[in-house]
Amino acid sequence: MIKQQMYAYKTGIPQIDMATGGFEAGTNLLLLAPALSYAEQFAYALTKPQSGEYAIMLSTNERASEVTDQFKTIGADKHYIGVIDAITKSSTPGVTDTERFMFVTNPTDLTGIGIKFSHMIETIFDGTFSGKESGLFPPPIRFCVNSISTLLMYRKLEVLYQFLHVMTAKLKKVEGFGIYVLNNEAFDERTVSLIKQLMTIVIEIKVERTDTYFRVMGIPGVNADWHKFTINNGQVVLGL
């Protein structure tokens, strides 16, 4: 295995990657976006594992099979993708865990989610997750929560804050990269502000008429200007 001094997670967005060389290991990123925007596609673009990386998606909106189908359409290798599915078990109680698909009863089970996440991390580190070790150590892991908005519908803010505090700390410890999706129009300023406190970087998305824009906050050397964009084949493409 190749010992990494400090891994950098590329975003595929030139303005960010050229300025930073990629996000530092241990970065936690909040993706703030309204409904009916490119939020989910943006999250998939950031979470897609690059060569030698792994990705774990906590899904509160899609079944595990749908998540892997989404990754497949943007060219990701399913052997390096894990899903913690928080919806399937409520309708299919008999569904069983595999190395890459794990299930909790519903999005209220934050303890169960934490346990499944820790187990997946362990199997990635010991090389049994995919049967195809990346050769890098510690193994680079992208983790996405899709979405905080759904979790907030089931649990009080203070409870969810503690859960996210633990998850973000774990990501830092294993030198991973966390992506957390939140609908900033569905919750009050206090809620958004509290979640922001746990994050290293914030990417905000807005929609104006038929155009969609993003801006990045919290990265030295990257300005907070709005950039028009679309998403094509899982890639964030900047407009004019």
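In the predicted model, the largest nonpolar core holds 40 residues, and those touching the most other members are Leu29, Phe42, Ile203 and Phe214. Two or more residues are given to this core by each of strand S4 (28-32), helix H2 (39-47), helix H3 (64-73), strand S6 (81-85), strand S10 (177-182), strand S11 (201-208), strand S12 (211-217) and strand S13 (227-232). H2 supplies the largest share, 6 residues. Nonpolar side chains in soluble globular proteins tend to be buried together. Setting aside neighbours within four places in sequence, phenylalanine 42 contacts Ile13, Leu31, Ile203, Ile205, Phe214, Phe229, Ile231 and Val236. A second core, separate from this one, comprises 39 residues, among them Ile56, Met102, Met120 and Ile141.

The protein contains 8 helices and 14 strands. Its radius of gyration is 17 Å, close to the 18 Å given by the globule rule for 240 residues, so the protein is as compact as a globular protein of that length. Along the principal axes, the C-alpha atoms fill a box of roughly 45 × 40 × 30 Å. Of the 240 residues, 52% are buried. The accessible surface amounts to about 11,100 Å², with 51% belonging to carbon and sulfur atoms. Among contacts between residues at least 6 apart in sequence, 65% link residues at least 24 apart.

Ten of the strands are arranged in an open sheet; the order of these 10 strands is S7-S6-S5-S9-S10-S4-S11-S12-S13-S14, and the pairing is mixed. Strand S7 (101-103) and strand S14 (235-238) form the edges, each pairing on one side only. On average, neighbouring strands of the sheet are turned by 25° against each other, with direction ignored. Two helices that pack on the sheet are described here. H3 touches S5, S6 and S7, and its direction makes about 150° with that of S6. Helix H8 (residues 189-196) touches S4, S10 and S11, and its direction makes about 155° with that of S4.

Within the sheet, S4 is largely enclosed by the rest of the structure, because 5 of its 5 residues are buried. Asn28, Leu30 and Leu32 point one way from this strand, while Leu29 and Leu31 point the other way, and all are buried. In a regular strand the side chains alternate between the two faces of the sheet. S4 runs parallel to S10, to which it is joined by 5 bridges; leucine 29 has isoleucine 179 as its bridge partner in S10. The pairing of S4 with S11 is also parallel and extends over 4 bridges. In S11, glutamate 204 is the bridge partner of leucine 32. Leu29 of S4 is also one of the residues that touch the most other members of the largest nonpolar core.

Strand S5 (residues 54-59) is likewise largely enclosed by the rest of the structure, since 6 of its 6 residues are buried. Both of its faces are covered: the buried residues are Tyr54, Ile56 and Leu58 on one side and Ala55, Met57 and Ser59 on the other. Of these, Ile56 belongs to the second nonpolar core. S5 runs parallel to strand S9 (residues 141-146), and 6 bridges join the two strands. Tyrosine 54 has isoleucine 141 as its bridge partner in S9, and alanine 55 has arginine 142. S5 is also joined in parallel to S6, by 5 bridges. In S6, isoleucine 81 stands opposite alanine 55. Strands of a sheet pair through backbone hydrogen bonds, either parallel or antiparallel.

Two residues outside these strands were examined individually. Threonine 150 lies in helix H6 (residues 148-154). Its relative accessibility is 11%, below the 20% limit, so threonine 150 counts as buried. Apart from residues up to four places away in sequence, threonine 150 touches Thr60, Asn61 and Pro107. Glycine 94 is located in the loop between helix H4 (88-91) and S7. With a relative accessibility of 63%, over the 50% limit, glycine 94 counts as exposed. From C-alpha to C-alpha, glycine 94 is 29 Å from lysine 48 in space, and the two are 46 residues apart in sequence.

Note on methods
Residues are numbered from 1 along each chain as its sequence is written. This is a predicted model: local features need pLDDT of at least 70, side-chain atom pairs count only at pLDDT 80 or more; totals for chains, interfaces and linings use all residues. Side-chain values use heavy atoms; hydrogens and water are left out. Buried means under 20% relative accessible area, exposed over 50%, partly exposed in between (1.4 Å probe, protein chains only). Contact means heavy atoms within 4.5 Å. A nonpolar core is a set of buried Ala, Val, Leu, Ile, Met, Phe, Trp, Tyr and Cys residues joined through side-chain atoms within 4.5 Å. Two strands pair if DSSP finds at least two bridges between them. Axes are lines fitted to C-alpha atoms, for helices over the stretch in contact, and angles run from 0 to 180 degrees between N-to-C directions. The radius of gyration is taken over C-alpha atoms; the globule rule is 2.2 Å times the number of residues to the power 0.38. Accessible areas come from the Shrake-Rupley method with a 1.4 Å probe; for residues, only the protein chains shown count as cover.
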